[in-house]
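Visitor: I would like to go through this model step by step, with the reasoning spelled out for each answer. Could you start with the backbone and then move on to side chains and voids?

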Amino acid sequence: MEAKQTVFVNEFTNGILDPNGEMLGPVQDGGYIVANTTPGCWGPMITPCIRGGHEVTKPVFVDGAEVGDAIAIKIKSIRVTSIATSSGNDKPMEGRFVGDPFVAVKCPECKTMYPETKIEGIGPKAIRCANCGADVTPFVFTNGYTMAFDSNKQVGITLHKEAAEHIAQQGRYYMATPDNSVQNPIVTFAPHDLVGTIARLRPFLGQLGTTPARPFPDSHNAGDFGQFLIDAPHEYGITKEQLEDRTDGHMDINRVREGAVLICPVKVRGGGVYLGDMHAMQGDGEIAGHTTDVAGIVTLQVKVIKGLTIDGPILLPAAEDLPYLAKPITKQEKEIALDLAQTWGVKKLEESLPISFIGTGANLNEATENGLQRAAKVLGISVPEVMNRATITGAIEIGRHPGVVTVTFLCPVHYLDEIGLTTLIRDQYRDVLE
């Protein structure tokens, strides 16, 4: 098919990222993807026919992307469309899944795997097996809330019981669930443990990336949640070695927002760019396990980077999201440094630009090690050098607890020249470099 300048996406997977599945597009190298995304975690989590814990968009084929390349994804805009949502801590319901409640749900009565469901009333027992009528939800809240947003999507407030139950009666409307989405709206549960809490909106994508080299449940396409797939008793179980086929598209890093650039590995022909799991706001770590899942409209621009072979994503955050020590050196700071260099006889100072490597693993220590190793491998330097640079010119920041981090530092331009990223990074930070 002829590649299109813009590909519009309003179709979703069943929760499985399958390299052998259908891709949309193709989209031109340099073209745009415009998607209406579904709410993430909680809605799919209470919809057993969705097999991955999320409901992300069908992947888009990027013209010219081959295995061993990378795709730079510029997040041009993110707009929340949900009027309200619900979220909170989760508790799995024993006897309703095989090994993993995010992936392999089983009706506790008729034993149907991945059962279709119907909604009867509101509250945590409203999700019923379409086959036998049993209460089939694999998760309930331990502490939850329903939040409504102002019309300009600037703030949200958590609601009392009566308001939460009103919203629960018209869940798809208040969550602005896309037409082709099959998820049950989580507002149906009407949680209301927090009342009157005010939160600022700062939307971002919890899921953004490329298709892995083997079928993965979407929420498990990461080094932390992927641990649950190792030797799992369901059909999506893998070995520890096969976990390396992931692309870490599920990051929940709140800096993956409008204005950022995410550079993703290509592990299948065409890349297969997918997205979803938009959140209205989230503090570093997503420590509750979940945050405010919302529907929204996203515009992305994609650019193939030939020959840049990476194991996991590289993030170029918006300038204001950079750690203090990783912000580009200013003209005034350079002048001070040059005077200091002359005093001490240092003949040449490094020219540097920010870069952030994503690391994932079973825990934060393993994720940090993974990020350090990825940075060293891509740049062709030692891990100790990366450690030093991240310590004095950057930071290690938590993306998601238990095991997603960013390793950010000022990187010498001659390293970036070697891997072809200098121009892209200069363009990203042009306003603060001038």
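Guide: Let us begin with Lys153, which is placed in the loop between strand 9 and strand 10 (155-158). Please keep in mind throughout that this is a predicted model.

Visitor: What is the phi of Lys153, and is the residue buried, partly exposed or exposed?

Guide: Lys153 is not a glycine, yet its phi is positive, at about 55°. Buried would require under 20% relative accessible area and exposed over 50%. Because Lys153 has 23% relative accessibility, it counts as partly exposed.

Visitor: Where does Asp248 lie, and is Asp248 buried or exposed?

Guide: Asp248, a residue other than glycine, also has a positive phi, near 60°, and it lies in the loop between strand 13 and strand 14. Since the relative accessible area of Asp248 is 0%, and the limit for the buried class is under 20%, Asp248 is buried.

Visitor: Which residue is joined to Pro26 by a cis peptide bond?

Guide: Pro26 belongs to strand 3, which covers residues 24-37. The omega of the cis bond in question is about 5°, and the partner of Pro26 in that bond is Gly25.

Visitor: What is the omega of the cis peptide bond at Pro402?

Guide: Pro402 is located in the loop between strand 19 and strand 20 (404-412). The cis peptide bond there joins His401 and Pro402, with an omega of about 25°.

Visitor: Turning to charged side chains, how many residues apart are Asp224 and Arg400, which form a salt bridge?

Guide: In this salt bridge the closest N and O atoms of Asp224 and Arg400 are 2.7 Å apart. Asp224 is in the loop between strand 13 (216-217) and strand 14 (261-265), whereas Arg400 is in strand 19 (residues 394-400), so the pair ties together parts of the sequence whose separation is 176 residues. As for their surroundings, both Asp224 and Arg400 fall in one class, namely buried.

Visitor: Which residue meets Asp135 in a salt bridge, and is that partner buried or exposed?

Guide: The side chain of Asp135 meets that of Arg96, with an N to O distance of 3.3 Å. The pair links distant parts of the chain, 39 residues apart, with Asp135 in the loop between strand 8 (127-129) and strand 9 (139-149) and Arg96 in the loop between strand 6 (84-92) and strand 7 (117-119). Asp135 counts as buried because its relative accessibility is 14%. With 12% relative accessibility, the partner, Arg96, likewise counts as buried.

Visitor: How many residues apart are Glu165 and Lys161, and are the two buried, partly exposed or exposed?

Guide: The side chains of Glu165 and Lys161 meet in a salt bridge with an N to O distance of 2.9 Å. Both residues lie in helix 2 (residues 161-168), 4 residues apart, which corresponds to about one turn of the helix. Because Glu165 has a relative accessible area of 26% and Lys161 one of 39%, each of the two is partly exposed.

Visitor: Which residues form a nonpolar patch on the surface with Leu349?

Guide: Leu349 lies in the loop between helix 4 (331-344) and strand 18 (352-360), and it counts as partly exposed because its relative accessibility is 38%. A residue needs over 30% relative accessible area to enter a patch. Together the members of this patch have about 550 Å² of accessible area, and the partners of Leu349 are Leu338, Leu340, Trp344 and Val346.

Visitor: Which residues does Val182 touch outside its sequence neighbourhood?

Guide: Val182 sits in the loop between helix 3 (171-175) and strand 11 (198-200). Its C-alpha atom is 9.9 Å from that of Thr13, although the two residues are 169 apart along the chain. Leaving aside residues up to four places away in sequence, Val182 touches Thr47, Cys49, Ile50 and Glu55.

Visitor: What is the volume of the largest pocket?

Guide: The lining of the largest pocket is made up of 19 residues, with Ile329, Glu350, Ser352, Thr393 and Leu410 nearest its centre. Helix 4 and helix 6 (383-393) are the elements that give two or more residues to this lining. The volume of the largest pocket is about 630 Å³.

Visitor: Which residues lie nearest the centre of the largest cavity?

Guide: There are 3 cavities of 30 Å³ or more, and the largest has a volume of about 80 Å³. Its lining comprises 13 residues, and those nearest its centre are Cys41, His54, Phe102, Phe225 and His250.

Definitions and conventions: Residues are numbered from 1 along each chain as its sequence is written. This is a predicted model: local features need pLDDT of at least 70, side-chain atom pairs count only at pLDDT 80 or more; totals for chains, interfaces and linings use all residues. Side-chain values use heavy atoms; hydrogens and water are left out. Patches are made of residues with over 30% relative accessible area and no salt bridge: like charges are joined within 9 Å, nonpolar side chains (Val, Leu, Ile, Met, Phe, Trp, Tyr) within 5 Å. Accessible areas come from the Shrake-Rupley method with a 1.4 Å probe; for residues, only the protein chains shown count as cover. A salt bridge is a side-chain nitrogen of Lys or Arg within 4 Å of a carboxyl oxygen of Asp or Glu. Buried means under 20% relative accessible area, exposed over 50%, partly exposed in between (1.4 Å probe, protein chains only). Contact means heavy atoms within 4.5 Å. On a 1 Å grid over the protein atoms alone, a cavity is a set of points where a 1.4 Å probe fits but cannot get out, and a pocket is an open set with protein on both sides within 12 Å along at least five of seven lines; lining residues have an atom within 4 Å of a point. Grid points are joined across faces, edges and corners, and a volume is the space filled by probe spheres set on the points.
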